[in-house]
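Please open the model in your viewer and keep the sequence panel beside it. The tour below suggests what to select at each stop and says what can be found there.

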Amino acid sequence: MDHLTVDINRVIANAIKVMEDSKYQIYEICESARSELEALEQELDQVLQETIRTIDKVDKLEQEYRLARIRLTEVSRDFVRYKEEDIKSAYEKATQIQLDLMVYREKENYLKSRRDDLQKRVRNVEKSVERAEMIASQMNVVLEYLSGDLNQVTRILESAKTRQLLGLKIILAQEEERKRIAREIHDGPAQSLANIVLRTEIAERMLIKGQFELVQDELVDLKGQVRSGLEEIRKIIFNLRPMALDDLGLIPTLRKFTQDFEEKAKVHTKFDLIGKEIRLPSAMEAAIYRMVQEAFSNVLKHAGASHVSLEICFKPQVITLTIQDNGAGFRIETINHPTTRNAHFGLVGMRERVELIEGRLDIDSKPGQGTKIVIDIPTTSEHRKEIETNESDHG
């Protein structure tokens, strides 16, 4: 091994060590920010509830104060019917309500100011978490490359730009998937387990005090939480790789997915199959499932649709997926525009997935007229070349 290679290896090894250390520091910063965010959100929720109660109290006191003033005017004018004691009582009541009203108005102003401040802090911490996650993701991408064989790194550096970009896209896709799974585990099973530990400690204290009936109730709740946590873990496993894909095939899995989507999202969903299903390579079936999953997720997040349909057409050399909704729609030219690219990140990701399996994706959408996505996926290498030729002709 020549001196240059040894030096490069040393530099890369040092870079990896520094980045690994930094990565865990960023992770700690991210976790700390998440904890702060949770605390802020809890405090904000309490402040919002208190603000609502205070506003209601102010409204009630204003009404009482109006009635008290009317009563005071009434007793002050009619000296025949009302004694001086009645006038004094009415005056004291009106004054007390006025004082209470002033106090609660001050409290309302304070709570509104506190609410605005907390909302601003929540937004800032959310941005900090997002930035930390992005930096960690970028560092992981670089580490993937640096941790590989030096010769492989050299070959990548010498290869065409398209090959570099393809490799980056694959690793970025992996990182996004890892980040999504980490979030699901953090927000789901991890929270459930932390809560279960807390509840077991409570049950333990009750047991020491001999409160056996309360312990029994606590154990019933614990059993329910464990079942719920188990269900969350199964959902995460299913999202990682739907077992039905291997056991039943693509069509039954997608049929169940659309039914579950309709039930959960309350969006009318239609599924149509044209032609006879043929089993595809496992990776291709997974890729198609992910594309449909991403398309439906976009409909739920952005379209505001009441109806979405999925049609799959099996032809001799190509599979065509058509996903259509009656939602808000958008201008096609905004997909790749720098200022609005993030809003259509799901569609950009879908296009990249389609390109990885040498397919073609067409989008037809207009504001207020819904969106139609058509994906052509070749099932033979010859037809993949044909699609590439067609795309270059259209380009």
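## Charge pairs in the helices

Begin by selecting Glu 108 and Lys 112, which form a salt bridge in which the closest N and O atoms are 2.9 Å apart. The model in front of you is a predicted one, and that should be kept in mind at every stop. Both residues belong to helix α2, and because they are 4 residues apart there, about one helical turn separates them. Colour the pair by accessibility, and Glu 108 comes out as buried, with a relative accessible area of 12%, whereas Lys 112 is partly exposed at 29%. Side chains of opposite charge can pair when their charged atoms come close.

Among the salt bridges of this model, how many are there in the full count? The count comes to 14 salt bridges, and a few of them are visited on this tour.

Next, select Arg 114 and Glu 43, whose side chains meet in a salt bridge with an N to O distance of 2.3 Å. Arg 114 lies in helix α2 and Glu 43 in helix α1, so this pair ties together parts that are 71 residues apart in sequence. If you draw a line from C-alpha to C-alpha instead, the distance between Glu 43 and Arg 114 is 10.0 Å. Arg 114 is partly exposed, with a relative accessible area of 21%, and Glu 43 is likewise partly exposed, with a value of 27%.

For another charge pair, go to Arg 360 and Asp 362, which form a salt bridge whose closest N and O atoms are 3.7 Å apart. Asp 362 counts as partly exposed, at 39% relative accessibility. Then add Asp 117 to the earlier selection of Glu 43 and Arg 114, since salt bridges that share partners join Glu 43, Arg 114 and Asp 117 into one network.

## Charged patches on the surface

Switch to a surface view and select Glu 38, Glu 41, Glu 126 and Glu 130, which together form a negative surface patch. Which elements give two or more residues to the negative patch? They are α1, covering residues 3–77, and α2, covering residues 84–146. To look at one member of the patch by itself, pick Glu 126, which is found in helix α2 and is partly exposed, with a relative accessible area of 37%.

Now select Lys 120, Arg 123, Lys 127 and Arg 131, which gather on the surface in a patch of positive charge. Lys 127, one of these residues, has its place in helix α2 and is partly exposed, with a relative accessible area of 47%.

## Two threonines

Return to a view with side chains shown and select Thr 54, which is found in helix α1. Is Thr 54 buried or exposed? At 2% relative accessibility, Thr 54 counts as buried, and its side chain reaches the backbone oxygen of Glu 50 at 2.7 Å.

The second threonine to select is Thr 320, which lies in strand β3, a strand made up of residues 318–325. Thr 320 counts as buried, at 8% relative accessibility, and a polar contact of 2.8 Å joins its side chain to that of Asp 376.

## The loop between α8 and β1

For the last stop, select Lys 266, which is found in the loop between α8 and β1. What is the value of phi near which Lys 266 sits? Phi of Lys 266 is near 60 degrees, a positive value in a residue other than glycine. Most residues other than glycine have a negative phi. Lys 266 counts as exposed, with 69% relative accessibility.

Keep the loop in view and select Val 267, which has its place there too, between α8 (residues 250–265) and β1 (residues 268–274). Val 267 counts as buried, at 7% relative accessibility, whereas Lys 266 in that loop is exposed. Finally, add His 307 to the selection and compare the sequence panel with the model: Val 267 and His 307 are 40 residues apart in sequence and 5.7 Å apart in space, taken from C-alpha to C-alpha.

Terms used
Residues numbered from 1 in each chain as written. Predicted model: local features only at pLDDT ≥ 70, side-chain atom pairs only at ≥ 80, totals over all residues. Heavy atoms only, no water. Patch = residues over 30% accessible without salt bridge, like charges linked within 9 Å, V, L, I, M, F, W, Y side chains within 5 Å. Areas by Shrake-Rupley, 256 points an atom, 1.4 Å probe, with all protein chains shown as cover. Salt bridge = Lys/Arg side-chain N within 4 Å of Asp/Glu carboxyl O. Lys, Arg positive; Asp, Glu negative; His and termini not counted. Charge placed at Lys NZ, Arg CZ, Asp CG, Glu CD. Buried < 20%, exposed > 50% of the residue type's maximum accessible area, 1.4 Å probe, protein only. Polar contact = N/O pair within 3.5 Å; in protein donor to acceptor, adjacent residues only side chain to side chain.
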